[in-house]
Amino acid sequence: MATLFTKIIDGEIPATFVYEDDHCVAFMDIQPLTDGHLLVVPREEVDHWLDLDDDLVSHLFTVAKKLGNAQKKAFGCERVGLIVQGFEVPHVHIHVFPTNQISDFDLANKHDTTAEAREEAASKIKEAL
C-alpha cells in the first residue's frame, strides 16, 4: 500500500509543492513548526533514512540545503532547522524550517495552517530560489 507521501507525490492528495526532480520532491508541511516549514521527500518509498542509498542521502541533503538557503532569504530567520525522525509517516522525510530559537524544534508546537498560508510561504521560497 502506498504511503501518504507517495499519494501526495502521485497527485492523489493535494499539496503545495516547492521543488521537484527525478529523485525527490519538497512540499509545504500542513502542520508547520514555523512559517515556511517544508518536507523534502524521496520519490522512492524507504521507511528509515539509514536504508537510503548513499547517493540519494547526499541528494536529499543537497536539496534541503538549497531550500534552506531560500528559506533563510525569504523569512529572514537566524537559522534553518532540520529534523529527520520518521515516526509520523513510514517514508523518509526531512523537515526543513526557518527558526530563530531552540523552542521551534518542539514538535508539540506544530499547528494547523490554511492552504492560502502554505501557498504564500511557498511563493516566498520559490522567489528566493
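This short talk walks through three residues in a predicted model.

Let's start on the surface. Which residues gather in a patch of negative charge there? They are Glu44, Asp53, Asp54 and Asp55. Take one of them, Asp54. Asp54 sits in helix H2, which covers residues 54–75. Its relative accessible area is 64%. Exposed means over 50%, so Asp54 counts as exposed.

Next, Thr6. You'll find Thr6 in helix H1, residues 4–9. Is Thr6 buried or exposed? Look at the number. Thr6 has a relative accessible area of 11%. The cut-off for buried is under 20%, so Thr6 is buried. What does Thr6 touch, once we set aside its neighbours within four places in sequence? Two residues are in contact with Thr6: Glu45 and His91. Please find both on the screen.

Last, Val80. This residue belongs to strand S4, residues 79–83. Its relative accessible area is 28%. That value is neither under 20% nor over 50%, so Val80 is called partly exposed.

Now the contacts of Val80. Again we skip neighbours within four places in sequence. Val80 is in contact with Gly68, Gln71 and Lys72. It is also in contact with Val96, Phe97 and Thr99.

One more pair to locate: Val80 and Ala64. In sequence, they are 16 residues apart. In space, their C-alpha atoms are 9.9 Å apart.

So, a quick recap. Asp54 is exposed, Thr6 is buried, and Val80 is partly exposed. Thank you.

Notes
Residues are numbered from 1 along each chain as its sequence is written. This is a predicted model: local features need pLDDT of at least 70, side-chain atom pairs count only at pLDDT 80 or more; totals for chains, interfaces and linings use all residues. Side-chain values use heavy atoms; hydrogens and water are left out. Patches are made of residues with over 30% relative accessible area and no salt bridge: like charges are joined within 9 Å, nonpolar side chains (Val, Leu, Ile, Met, Phe, Trp, Tyr) within 5 Å. Accessible areas come from the Shrake-Rupley method with a 1.4 Å probe; for residues, only the protein chains shown count as cover. A salt bridge is a side-chain nitrogen of Lys or Arg within 4 Å of a carboxyl oxygen of Asp or Glu. Lys and Arg count as positive and Asp and Glu as negative; His and the chain ends are not counted. The place of a charge is taken as NZ of Lys, CZ of Arg, CG of Asp or CD of Glu. Helices (H or I, at least four residues) and strands (E, at least two) are DSSP runs, numbered from the N terminus. Buried means under 20% relative accessible area, exposed over 50%, partly exposed in between (1.4 Å probe, protein chains only). Contact means heavy atoms within 4.5 Å.
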